[in-house]
Amino acid sequence: MQPSTAERIARLSAHISPSNLQMGESSMLERANCRAKGGAPGFKVAILGAAGGIGQPLAMLMKMNPLVSVLHLYDVVNSPGVTADISHMDTGAVVRGFLGQKELEAALTGMDLVVIPAGVPRKPGMTRDDLFNINAGIVRTLCEGIAKCCPNALVNLISNPVNSTVPIAAEVFKKAGIYDPKKLLGVTMLDVVRANTFVAEVLGLDPREVDVPVVGGHAGVTILPLLSQVKPPCSFTPEETEFLTKRIQDGGTEVVQAKAGAGSATLSMAYAAVKFADLCLRGLRGDAGIVACAYVDSKVTELPFFASKVRLGRGGAEEVYQLGPLNEYERVGLEKAKQELATSIQKGVSFIKK
């Protein structure tokens, strides 16, 4: 039966001003019911930290993804405004906002994928370690919520320093008895996106035609682009290799300095995060052959966590690939990366176990 004119007006006004609702018989017109919950077929995605510099463009891009049916936007500040703004986009996903710690559980209940850009951004002169004490506490709190409300969800962790926050998340999940190593993925896709772009510039190609595996971690020398494995196959001079490796490793610093105190790499990070989240959703859907680099629980090296290519499927990172043949430059770089990574991983584990 078609709703009456009065009901349609009530539904519209509920979006604009929820307090206009009359309770009792008209409670069916509550804002959450203005559309069938999860109208389009697809996945339920939560973004934790949705009002931040990465969170806002990330939320906008996820609203555009046809695989998303429900999009939950959580933050400790400003999430109602971001939610109102993004909810006006004429795409399929139903958007709901959640504000503050007391609404975290509601934001997480029933989610298939949780993307976490929450935390403070890096400022000029700030090392990734300076971020640690603030962001470590934030990640712990959010992961405790995930363990309680959506223990089977896939988790994409962006909050820096990723080399330490992923081990923190793992320890929280272990404590809660729900740790599935396949479902916790540190997002290193921005390193791959930068590598593809910078290598394409040197080769004179379209970046979309280039694929550069980037392994190790997600900070400084732990970022190791495997330029000997670039597709399409090509070769670089030692000078080009050094230039490209350094630029890929220092990509974040390049943006921080260019923004001169006005922020860090938020837009390219949001793009990379959505690119990775889309691959995760396609894996959850059951698509075959979905491969991407991510920082995961790993046996590729002696370290407990390491970024390399993984195959994404319904269970998350269903297969973690070996590094393949490395040249001498990459072997030296790998040893440097592992040294720094070991310290960062231990720092994360100690934060929870202290």
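In which helix does Arg194 lie? I looked this up before anything else, in what is a predicted model, and found Arg194 in helix 7, which spans residues 189-203.

**Entry on Arg194 and the annotated positions**

I then checked how far Arg194 is open to the outside, and its relative accessible area came out at 9%, so I noted the residue as buried, the cut-off for that being under 20%. Setting aside the neighbours within four places in sequence, I listed what Arg194 is in contact with, and the list holds Gly251, Gly252, Val255, Ala265 and Ser268. I turned to Arg194 since the UniProt record, in an unreviewed entry, gives Arg122, Arg128, Asn160 and Arg194 under "binding site". From this set, I found Arg122, Arg128, Asn160 and Arg194 in the lining of the largest pocket.

**Entry on aromatic pairs**

How many aromatic pairs does the structure hold? I counted two. For Phe132 and Phe351 I noted ring centres 5.7 Å apart and planes at 85°, and I therefore entered the pair as edge-to-face, since the angle is over 60 degrees. This pair links distant parts of the chain, with Phe132 in helix 5 (residues 132-149) and Phe351 in helix 11 (residues 328-353), 219 residues apart. I also looked up the exposure of both partners: Phe132 is buried at 4% relative accessibility, and Phe351 is likewise counted as buried, at 9%.

The other entry under this heading is Tyr295 with Phe305, a tilted pair for which I wrote down 6.2 Å from centre to centre and 35° between the planes. Tyr295 belongs to strand 9 (residues 290-297) and Phe305 to strand 10 (residues 305-313), so this pair ties together parts of the chain that are 10 residues apart in sequence. When I checked accessibility here, Tyr295 proved to be buried with a relative accessible area of 0%, while Phe305 counts as buried at 4%.

**Entry on charges over rings**

Which residue lies over the face of Phe132? I found Lys347 there, at 4.8 Å from the ring centre, so that Phe132, which I had already recorded as paired edge-to-face with Phe351, also appears in this entry with a lysine over its ring. I noted a further case at Phe198, where the charged end of Arg247 sits over the ring, 3.7 Å from its centre.

How values were computed
Residues are numbered from 1 along each chain as its sequence is written. This is a predicted model: local features need pLDDT of at least 70, side-chain atom pairs count only at pLDDT 80 or more; totals for chains, interfaces and linings use all residues. Side-chain values use heavy atoms; hydrogens and water are left out. Rings of Phe, Tyr and Trp (its six-membered ring) pair if their centres lie within 6.5 Å; planes under 30 degrees apart count as stacked, over 60 as edge-to-face and the rest as tilted. Helices (H or I, at least four residues) and strands (E, at least two) are DSSP runs, numbered from the N terminus. Buried means under 20% relative accessible area, exposed over 50%, partly exposed in between (1.4 Å probe, protein chains only). A charge sits over a ring if NZ of Lys or CZ of Arg is within 6 Å of the ring centre and within 35 degrees of the ring normal. UniProt positions are given in the numbering used here, feature names are shortened, and annotations may be inferred rather than shown by experiment. On a 1 Å grid over the protein atoms alone, a cavity is a set of points where a 1.4 Å probe fits but cannot get out, and a pocket is an open set with protein on both sides within 12 Å along at least five of seven lines; lining residues have an atom within 4 Å of a point. Contact means heavy atoms within 4.5 Å.
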